[in-house]
Amino acid sequence: MGKKRVLVPAKDVDLSTVKYESEILQAPHLTGFVFRLFVRIIEAPLIGPLLITLLKKQNNVDELLRNTVIPEEPMFKPEYPPQEKEPSVVELDEEGRPEDRVESALKCLPHYDPAKFWENSSAPFRYWKIRDYAYAYRVKKVTPSMVAERIISIIEENGIDKPPTPLLISFDADEVRKQAAASTQRFEAGNPLSILDGIFMAIKDDIDCYPLLSKGGTTWMHEVRTVKKDAVCVSRLRSCGVIFIGKANMHELGMGTTGNNSNYGTARNPHALDRYTGGSSSGPAAIVASGLCSAALGTDGGGSIRIPSSLCGVVGLKINYGRSSMEGSICDSGTVEVIGPIASTVEDAMLVYAAILGATLANRISMKPSTPCLPTLSFDDDTDVLGSLRIGMYTPWFNNVHSTEVSDKCEDALNMLSKAHGCEVTEVVIPELLDMRTAHAVSIGSECVCSLNPDWEDGKGVKLTYDTRTNLALFRSFTAADYVAAQCISF
């Protein structure tokens, strides 16, 4: 058969024969002047493509795409397979008011008495839940304006662009005060818009939040793309009374998993300033992890919400594609990117998710998604809702870590869920992981190049950071055939 490689149809894969293969990336480790020189070389007309071809060959990219027969048809947008309604869930009306969905989500949460926190608040640090703020506002212990002044003082004291942790790219203290004053007046009148009224949130810099600019972590995106109104998800949160503190830092154009941004400084991990937050939603995760906000919005196409949330010890949710509108974000035309919440608790992530969800009409017609729902975590009896969870664990992948300190902590969490709550941990197998990773890189990379091509041709490419330019040089080498093959693998 020569170089030809044939994949087994998905329905015929024998999971008992699947063997995990750890990925070994073959690429030079470069820094400083040598790295800058390398970028110039791979961008050069003749030698650049040759070098990229060599790197792709070393990493078997051509073997995985061009030399492989894939039996599935291509899938350019995710599909929602038919499924039966799950028990103990509440369906949400995605065409209704965000405030009503948030109210439905609130009824799903377990009982919680915020007053107990005020009776015993001696802990040196504690994440304030959304319900903590709501209680404090309602009993007049604090006002949104008082909280706003505290947040503004912290941001101005550290500086939005001052090391070691520049959390925000765009910030307007007067705008924050204006929003907080309006929320304070609603509480004084006894008419808050929802449980989210007066809750402070940060928005990733690739999501529009008028009147602030959307730079996408670059130095120039706001020059070619003006912000005239809120993104749809931001508008839905605003109708619930959310107060936006500014545009959060991020890895430039989302093309990286570290959160490193040399344009504005790198947002550091609040738990250890010598460590990365992970990316690309570095700023939103760091802001929530620092306790500055209860929640934030990020974007995720390949882990950009989940990675920094994991590294910063908070909750990140990549919602299903098409569950919420991408209108008003820099990455609004792709097939993998979504907007989702980052929060200090699962409860708060549920509340924010309920506010922002609602598929576009086009996605409802083409994808036919099932009715969105939330799990019911509140019961009148002593039922432990976590006991119904089944957790899939792919052990070879789980244990493939640089330091067992990470896997040991994860193992402790699994044991706690199993022993204390009765969760069932089930061994699973994920075949063709390397193929899927390559397919993902081709899919999201091709879409990035397509969206940036006009600006690249207009000379903006040289203003990007060197790691972004390295990624784009690789992405530009993908062909139409590579993209179609990637979509077949993604079936």
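Let me start with F200, which, once its neighbours within four places in sequence are set aside, is in contact (heavy atoms within 4.5 Å) with Y137, P144, V147, A148, I151, V176, A180, I243, I245, C293, S294 and A295. Please keep in mind that this is a predicted model, in which local features need pLDDT of at least 70 and side-chain atom pairs count only at pLDDT 80 or more, while totals for chains, interfaces and linings use all residues. Residues are numbered from 1 along each chain as its sequence is written, and side-chain values use heavy atoms, with hydrogens and water left out.

F200 also appears, together with L196, L237, I245 and L297, among the residues with the most contacts inside the largest nonpolar core, which has 76 residues. By such a core I mean a set of buried Ala, Val, Leu, Ile, Met, Phe, Trp, Tyr and Cys residues joined through side-chain atoms within 4.5 Å, where buried is under 20% relative accessible area with a 1.4 Å probe, protein chains only. Helix α13, residues 346-356, gives the most to this core, with eight residues. A second, separate core of 23 residues includes L7, V61, A485 and C488.

Now to the helix pairs, where helices are DSSP runs of H or I with at least four residues, numbered from the N terminus. Helix α7 (144-158) and helix α8 (173-188) pack at about 160°, with their axes 8 Å apart, the axes being lines fitted to C-alpha atoms over the stretch in contact, and the angles running from 0 to 180 degrees between N-to-C directions. That makes α7 roughly antiparallel to α8, a label for angles over 145 degrees. On the α7 side the contact includes P144, S145 and A148, and on the α8 side it includes V176, R177 and A180.

What about α17 (433-457) and α19 (480-489)? Their axes come within 8 Å and cross at roughly 130°, so that α17 is oblique to α19, oblique being what remains outside under 35, 65 to 115 and over 145 degrees. Among the residues making this contact are M436, A439 and V442 of α17, with Y483, A486 and I489 of α19.

Why do I describe α19 as largely enclosed by the rest of the structure? Because seven of its ten residues are buried, namely D482, Y483, A485, A486, Q487, C488 and I489. What covers these buried residues includes α2 (47-58), α3 (61-65) and α17.

Conventions
Helices (H or I, at least four residues) and strands (E, at least two) are DSSP runs, numbered from the N terminus. Buried means under 20% relative accessible area, exposed over 50%, partly exposed in between (1.4 Å probe, protein chains only).
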